[in-house]
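User: Hi! I'd like to go through the ligand sites of this model and see what each term rests on. Could you start once the structure is up?

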Amino acid sequence: MILTEKKIKFERISNKQKPFIISGPCSAETSEQVIRTCVELSKTNVVDLLRAGVWKPRTKPDTFEGVGEEALKWLKEASKITKIPVAVEVANSKHVELALKYQIDVLWIGARTTVNPFSVQEIADSLKGVNVPVMVKNPINPDIELWIGAIERIIRAGIKNIAAIHRGFSSYEKTLYRNKPYWEIPIELRRRYPNIMLICDPSHISGSRDLLQSISQKAMDLNFDGLMIESHINPDIAWSDSKQQVTPIDFKKIIDNLILRKDKSTNNEFNNTLDVLREKIDNIDLEILDLIEARMKIVEEIGKYKKDNNITIFQPERWRQIINSRTEIGIKKNLSEKFIKEVFEVIHKESIKKQYKIMNYI
Ligand code: PEP
Ligand code: MN
């Protein structure tokens with residue numbers, strides 16, 4: 001196996017001037033489409049890494065499943081012309097072998113592969129002893145452990161240069177998004193792996209062009225390190241993901257319109273004011289904890305009382321009243337109904353758990 005030259009270094013940069021930008025078509029379709037798209041993208045001067053899928057995981061058969069090996073040559077050619085490294089998606093060891101044979105600079109594991117530990121392990125095994133950067137997309141289901149598990153498998157294969165890509169999650173309910181972002185999941189990944197570069201893929205989250213700008217901005221405001229945005233020379237006739245791809249010109253507009261904020265300030269006055277406000281938050285949090293503690297004590301008392309009188313824990317009528325009255329009050333306090341519902345649902349769940357323990361001597 002030929003070792004690829006390390007050109008891309010995935011690392012977190014504090015107060016970056018510019019996010020790390022990945023762009024390119026969803027799929028490599030023809031040599032001309034790949035070269036023209038990549039050349040136009042390189043003219044924007046913002047792209048750090050080119051992308052294109054050559055093996056496409058498609059939901060249904062009889063759809064375009066990628067050109068395969070032949071397209072790797074087009075990508076290398078595009079990289080040679082633009083002097084920008086290229087990335088492809090790999091889903092098995094055969095893909096890894098071919099991508100390395102053509103000296104593709106970066107590999108990524110797609111959402112449909114991250115879900116399957118057998119596939120991820122197969123890829124990890126074929127990467128042993130290879131010095132190639134790898135990006136791991138989140139699994140299609142909102143399971144952070146599965147995402148972390150895939151990253152761990154790649155780390156254990158000896159790969160040091162790793163980035164995580166957040167591309168949203170499947171859900172049965174129809175939402176505004178093609179894949180629901182569940183921002184709390186990448187935020188938790190960042191908490192647990194503070195040094196892993198985190199890239200947002202607004203194309204697969206949105207599924208449509210009109211949401212790309214706002215999702216990209218949200219990712220920047222949440223301190224993501226970079227963006228992966230699909231771009232096609234003629235998106236309307238793209239063979240896959242047509243609705244979410246943008247022309248290189250529109251892609252550049254999205255990047256130019258981003259408001260980049262620093263993650264830290266050196267201004268003393270700002271930092272002092274922030275400290276004062278944070279202290280207020282700390283004190284309020286303590287009060288909240290004291291109140292929750294007091295509430296739970298009463299919950300336990302009620303649990304004992306219900307037990308002595310042989311009464312069930314869950315009282316649907318009481319629960320209905322709680323939710324209705326709390327959301328009504330919450331709305332008047334400018335708190336969203338959804339938020340208040342969620343807060344009281346977790347409190348109620350914990351209360352039931354406590355009473356269950358009391359009733360069953362656990
Ligand atoms: C892609 O990046 O084109 C792709 C197939 O994405 P995902 O794995 O996120 O569905
Ligand atoms: Mn795509």
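Analyst: Happily! An oxygen atom of ligand 1 lies 2.9 Å from an N or O atom in the side chain of Lys-56. This is a predicted model, in which local features need pLDDT of at least 70, side-chain atom pairs count only at pLDDT 80 or more, and totals for chains, interfaces and linings use all residues. Residues are numbered from 1 along each chain as its sequence is written, chains are lettered from A and ligands numbered from 1 in the order in which they are written, and side-chain values use heavy atoms, with hydrogens and water left out.

User: What makes the pair with Lys-56 a polar contact?

Analyst: A polar contact is a pair of N or O atoms within 3.5 Å, so the 2.9 Å pair with Lys-56 counts. Oxygen atoms of ligand 1 also lie 3.3 Å from an N or O atom in the side chain of His-204 and 3.2 Å from one in the side chain of Glu-230.

User: Why are Cys-26, His-204, Glu-230 and Asp-241 called donors of the manganese ion (ligand 2)?

Analyst: Donors are N, O and S atoms within 2.8 Å of the metal (3.2 Å for Na, K and Ca). Cys-26 (SG), His-204 (NE2), Glu-230 (OE) and Asp-241 (OD) coordinate manganese at 2.1 to 2.4 Å, so they qualify. Water is not among the atoms, so the site may look incomplete.

User: How are these donors spaced in sequence?

Analyst: The spacing is C-x177-H-x25-E-x10-D.

Terms used: A polar contact is a pair of N or O atoms within 3.5 Å; within protein, one must be able to donate a hydrogen and the other to accept it, and residues adjacent in sequence count only if both atoms are side-chain atoms.
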